[in-house]
Amino acid sequence: MLVLLSDTHSTDGTQLRGRTLEAVREADLVVHVGDFMREPVLDAFEDEASAFAGVYG
């Protein structure tokens with residue numbers, strides 16, 4: 001499964017939970033196409049995804 005995300009504008013924690021967290025954990029590849037806003041959000045995706053690619057901006 002491919003999960004494609006963007007615009008995770010969280011400023012209070014990582015906000016990686018619920019269906020989004022489930023999808024990231026189940027995905028073969030997670031692609032984030034921008035606007036992480038904070039490094040902890042990026043870290044959360046990298047920690048939970050088996051394979052992750054993202055762009056800055």
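Visitor: Why are Glu22 and Arg19 said to be separated by about one helical turn?

Guide: Both sit in helix H1 (residues 18–26), and they are three residues apart there, which means about one helical turn between them. This is a predicted model.

Visitor: What makes the contact between Glu22 and Arg19 a salt bridge?

Guide: The N to O distance is 3.6 Å. The cut-off is within 4 Å, so the pair qualifies.

Visitor: Why is Glu22 called partly exposed?

Guide: Its relative accessible area is 43%. Buried would require under 20% and exposed over 50%, so Glu22 falls in between.

Visitor: How do you know that Arg19, Glu22 and Glu26 are linked in a network?

Guide: Arg19 bridges to Glu22, and Glu26 also forms a salt bridge with Arg19, with the closest N and O atoms 3.9 Å apart. That distance is within 4 Å, so the Glu26 pair counts too. Glu26 is partly exposed, at 49% relative accessible area.

Visitor: What makes Glu48 and Arg25 a salt bridge, and which parts of the chain does the pair link?

Guide: Their side chains meet at 2.8 Å, N to O, and the limit is 4 Å, so the pair counts. The pair links distant parts of the chain: Glu48 lies in helix H2 (residues 39–48) and Arg25 in helix H1, 23 residues apart. Glu48 is partly exposed, with a relative accessible area of 29%.

Visitor: How do you know that the chain agrees with a compact globule?

Guide: For 57 residues the expected radius of gyration is near 10 Å, and the chain has 10 Å, so the two agree.

Key. Residues are numbered from 1 along each chain as its sequence is written. This is a predicted model: local features need pLDDT of at least 70, side-chain atom pairs count only at pLDDT 80 or more; totals for chains, interfaces and linings use all residues. Side-chain values use heavy atoms; hydrogens and water are left out. The radius of gyration is taken over C-alpha atoms; the globule rule is 2.2 Å times the number of residues to the power 0.38. Helices (H or I, at least four residues) and strands (E, at least two) are DSSP runs, numbered from the N terminus. Buried means under 20% relative accessible area, exposed over 50%, partly exposed in between (1.4 Å probe, protein chains only).
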